[in-house]
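New notebook page. I want to get my bearings in this structure, starting with its pockets and then moving on to the strands.

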Amino acid sequence: MTINAPQVRNSLQAPGVLDGLLNALEELEQDPTLRAAVLTGAGGAFCSGGDLRQLSEKSEAEVRRNMTRNAWLYRRLALSDKLIIAAVDGPAYGAGLGLALACDLVVAGKDAMFCSAFTRVGAMPDAALFWSLPSRVGTTQARRMMLLATEVNAERALQTGLADEHVADGSALPTALALAHKIARGPQRPFGRIKAGLRRAPMSLEDALAFQLDNAPGLFAGADFKEGANAFFEKRRPVFGQQDQ
């Protein structure tokens with residue numbers, strides 16, 4: 001999935017961007033042959049967030065309507081059972097940062113730059129960042145990024161947990177695509193349950209035990225586990241998802 005509005009640094013408010021992303025996520029959910037996805041931006045930017053000119057001309061009620069609609073994008077990314085990888089080259093600012101962090105894994109290219117830029121223009125973070133940013137970097141780092149609008153480069157993003165991979169000498173996209181192919185060969189139902197569990201983190205001990213009891217037995221009884229166990233004993237690579245074919 002490529003945000004293709006490079007003339008505005010892939011702003012979410014560029015014509016067709018939000019609808020295009022929502023349609024692509026719907027296709028991802030409905031097509032069982034699609035087992036993972038990569039989200040990236042065209043033209044050397046991941047996503048610059050909102051369009052300041054448009055936002056400055058809107059009333060409070062209009063901003064509220066837009067924000068309510070935009071919330072579906074972050075919900076679809078976070079609640080999907082499929083794994084989605086953000087390939088970040090160039091800036092991921094404001095709502096663009098929220099877009100990247102709503103994905104399951106983040107690959108940062110050498111020119112990637114992350115920033116919760118809202119306070120620079122007299123605003124506060126949205127884009128689900130009060131959920132995603134602390135879960136990624138902890139409350140202390142999230143506080144600093146939100147209040148001071150500090151820029152975080154790719155190397156620092158890897159160190160703090162903002163990114164999962166850092167491509168020091170090139171673009172994030174090839175690495176993200178290779179990771180997506182690896183995920184696509186993996187066991188999809190366990191991936192989905194892990195994603196659901198992490199959405200509830202941090203859990204209490206009792207909640208964690210209850211979650212595993214509700215979810216793990218069905219996976220151990222499923223075709224993917226049987227294939228994985230057989231492959232282990234036969235000393236071969238497992239072929240997951242055969243029950244879906």
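**Entry 1: the largest pocket.** I began by asking which residues sit nearest the centre of the largest pocket. They are Gln-13, Gly-49, Gly-50, Asp-51 and Leu-55, out of 40 residues in the lining. I should jot down here that I'm working with a predicted model. Next I checked which elements give two or more residues to that lining, and I got α1 (17-30), α2, α3 (60-79) and β4 (91-93). The largest share belongs to α3, which puts in eight residues. For the space inside, I noted about 990 Å³.

Then I looked at what kind of residues these are. The lining of the largest pocket splits into 22 nonpolar, twelve polar and six charged residues.

**Entry 2: the second largest pocket.** How many residues line this one? I found 19, and the ones closest to the centre are Cys-103, Asp-104, Ser-135, Leu-198 and Arg-199. The volume of this second largest pocket comes to about 550 Å³. Two helices, α5 (129-148) and α8 (188-199), each bring at least two residues to its lining. Of the elements, α8 gives the most, with five residues. By class, I wrote down twelve nonpolar, three polar and four charged residues for the lining of the second largest pocket.

**Entry 3: a patch on the surface.** Back to Leu-55, which I'd met near the centre of the largest pocket. Leu-55 also turns up in a nonpolar surface patch, together with Leu-52 and Val-121. The three of them have about 250 Å² of accessible area together. I looked up where Leu-52 sits, and its place is in helix α2, residues 52-56. That's the α2 I had already listed for the lining of the largest pocket.

**Entry 4: the sheet.** In what order do the five strands of the open sheet run? I read it off as β1-β2-β3-β5-β8, with parallel pairing. The edges are β1 (2-3) and β8 (165-166), and each of these pairs on one side only.

I picked one pair inside the sheet to follow up. Strand β2 covers residues 36-41 and strand β3 covers residues 83-88, and four bridges join them in the parallel sense. To pin the pairing to actual residues, I looked for the bridge partner of Val-38 in β3, and it's Ile-85.

Methods: Residues are numbered from 1 along each chain as its sequence is written. This is a predicted model: local features need pLDDT of at least 70, side-chain atom pairs count only at pLDDT 80 or more; totals for chains, interfaces and linings use all residues. Side-chain values use heavy atoms; hydrogens and water are left out. Two strands pair if DSSP finds at least two bridges between them. Patches are made of residues with over 30% relative accessible area and no salt bridge: like charges are joined within 9 Å, nonpolar side chains (Val, Leu, Ile, Met, Phe, Trp, Tyr) within 5 Å. Accessible areas come from the Shrake-Rupley method with a 1.4 Å probe; for residues, only the protein chains shown count as cover. A salt bridge is a side-chain nitrogen of Lys or Arg within 4 Å of a carboxyl oxygen of Asp or Glu. On a 1 Å grid over the protein atoms alone, a cavity is a set of points where a 1.4 Å probe fits but cannot get out, and a pocket is an open set with protein on both sides within 12 Å along at least five of seven lines; lining residues have an atom within 4 Å of a point. Grid points are joined across faces, edges and corners, and a volume is the space filled by probe spheres set on the points. Ala, Val, Leu, Ile, Met, Phe, Trp, Tyr, Cys and Pro count as nonpolar, Asp, Glu, Lys and Arg as charged, and the others, Gly among them, as polar.
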